[in-house]
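Reader: Before I rely on the terms used for this structure, I should like to see how they are applied. Could you take me through them?

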Amino acid sequence: MDVTSFSMSEQLCQHFGDCGGCSFQDKPYREQLAEKEAAIRGLAAAGGFSCPIRPINHFHEWYYRNKMEFTFGETDGELVLGMNSKARRGTIFNMQECRIFSPDTHTIIDTMRLFCRSKGYSWHNKYTHKGFLRFFTARETKFTKQLMLAIVTTTQSELDTEGLVAALRGMKLESELKSIYHIVSDSWSDAVVFEKKILLWGSEFVCEEFNGLRFNIGVDSFFQVNPPGQAALYKKIESELNLTGNERVLDLFCGVGSIGLFLAKAAKFVWGVELVPAIIDAAKANAELNGIKNISFVAEDARKFLNTQGDFYRGVDVAIVNPPRCGTSPKFIRALLRITPKIIVYSSCNPVTQFADLALLKEEFEPLFFEPFDFFPHTRHMECLTILKRK
Ligand SMILES: C[S@@+](CC[C@H](N)C(=O)[O-])C[C@H]1O[C@@H](n2cnc3c(N)ncnc32)[C@H](O)[C@@H]1O
């Protein structure tokens, strides 16, 4: 593990303690990595797995997240823009910086806040459902350094769109501003709901690029938060599988298709399965953008897919499993076993649920190694990769 030591007082974000975002920031990064490795060793020992545990992969410690959602509120009679305060529950703290998102955070947040204050807009109270300003979302691609900004409001006032675009375009930024949206939502939900998307200026998408692939990311697209980590994970999967061009690959929980698209160049055919139809649309668009023809995508629950269409995929060379944090289910694992894949690649952002699933695969499959990836520095989260071979 090669991590440059740093002085913690210099490195701590001014919001540490108030912001719930990165609660490990006061722990030297070297220690964070050691603890994550130890957690994987503990899970492996508890599960009775004796395969090697490889050193944790780590990337940029700061400014790694590619998306943030900030909330408007009021504190001491003043409009604020930031995140939920841990110190003063029920209030929003006024964000000045975010060390895990972007060096441009201060400029974009301050510009948005000052613009909204100058217009006298009200903030939306989620309990009374009164008020105009709800959220401000920002996406920054990490390889191409492009920014997409979106203000989310109710219909309870009128946004000065020309003024907002002029204010945001006047910012001096390290990344390139590509796109400005107005999202209108009167939903009762306390999350960003894309009821109406209005492109105020610039491109419909920002474009991320890695491992020779391009990905168009829209204002409501799902994309993994740490692209350099993702790029390294996919390269590791590629080098472990060493595909020859004859393999059939099933990419379960495929999201926007990025693992399957990367492996397709060395496989015979890849099928991606994902629950959310809009995400599958993005996966298809990514295949087209990259001119990849030996891949197809299905919008379906992964277990249902295996149960209803599994016969066609029986004996598939590689099954990739990359589920959400909650993991899969015993029924899914049984359906996966029924199609008798030769190799299972299981990568997860929640090793606890991953190891629970591995216990259910244990009779038929053995892991060759465990390899953690620190996709989420300064938080307790990590990604963990294992490749399983039939016993
Ligand atoms: C961790 S993400 C994986 C994304 C993708 N493999 C990648 O690397 O970008 C998990 C994905 O599983 C999808 N998902 C959740 N439940 C599902 C289910 N029951 N069946 C299929 N896909 C599901 C989510 O919508 C999400 O896109």
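Author: Two strands pair if DSSP finds at least two bridges between them, and helices (H or I, at least four residues) and strands (E, at least two) are themselves DSSP runs, numbered from the N terminus. This is a predicted model, in which local features need pLDDT of at least 70 and side-chain atom pairs count only at pLDDT 80 or more, while totals for chains, interfaces and linings use all residues. Residues are numbered from 1 along each chain as its sequence is written.

Reader: What makes strand 11 and strand 14 a pair?

Author: Four bridges join strand 11 (residues 248-252) to strand 14 (residues 318-321), and the two run parallel; the definition asks for at least two bridges. Within this pair, Asp 251 stands opposite Ile 320 of strand 14. Both strands belong to an open sheet of eight strands, with mixed pairing and the order 1-16-17-15-14-11-12-13. Strand 1 (57-58) and strand 13 (295-299) each have a single partner strand, so one side of each is left without a neighbour in the sheet.

Reader: Why are strand 9 and strand 10 said to form a hairpin?

Author: Five bridges join strand 9 (residues 206-210) to strand 10 (residues 213-217), which run antiparallel, and two residues lie between them. In the turn, Asn 211 has a positive phi of about 50°, while Glu 209 has Arg 214 of strand 10 as its bridge partner.

Reader: Which side chains of strand 9 are on the buried face?

Author: A residue is buried if 20 or more other C-beta atoms, placed from the backbone, lie within 10 Å of its own, exposed if 12 or fewer, and partly exposed in between. Val 206, Glu 208 and Phe 210 point to one face and are buried, whereas Cys 207 and Glu 209 point to the other and are not.

Reader: How do you know that the length of helix 3 agrees with its number of residues?

Author: The expected span is 1.5 Å times one less than the number of residues, so the 15 residues of helix 3 (residues 105-119) should span 21 Å, and the end C-alpha atoms are indeed 21 Å apart.

Reader: Why are the buried residues of helix 3 said to line one face?

Author: They are Thr 105, Ile 108, Ile 109, Met 112, Arg 113 and Cys 116. Seen down the axis, these buried residues fall within an arc of 125° (taken from the directions from the helix axis to the C-beta atoms), so they line one face of helix 3.
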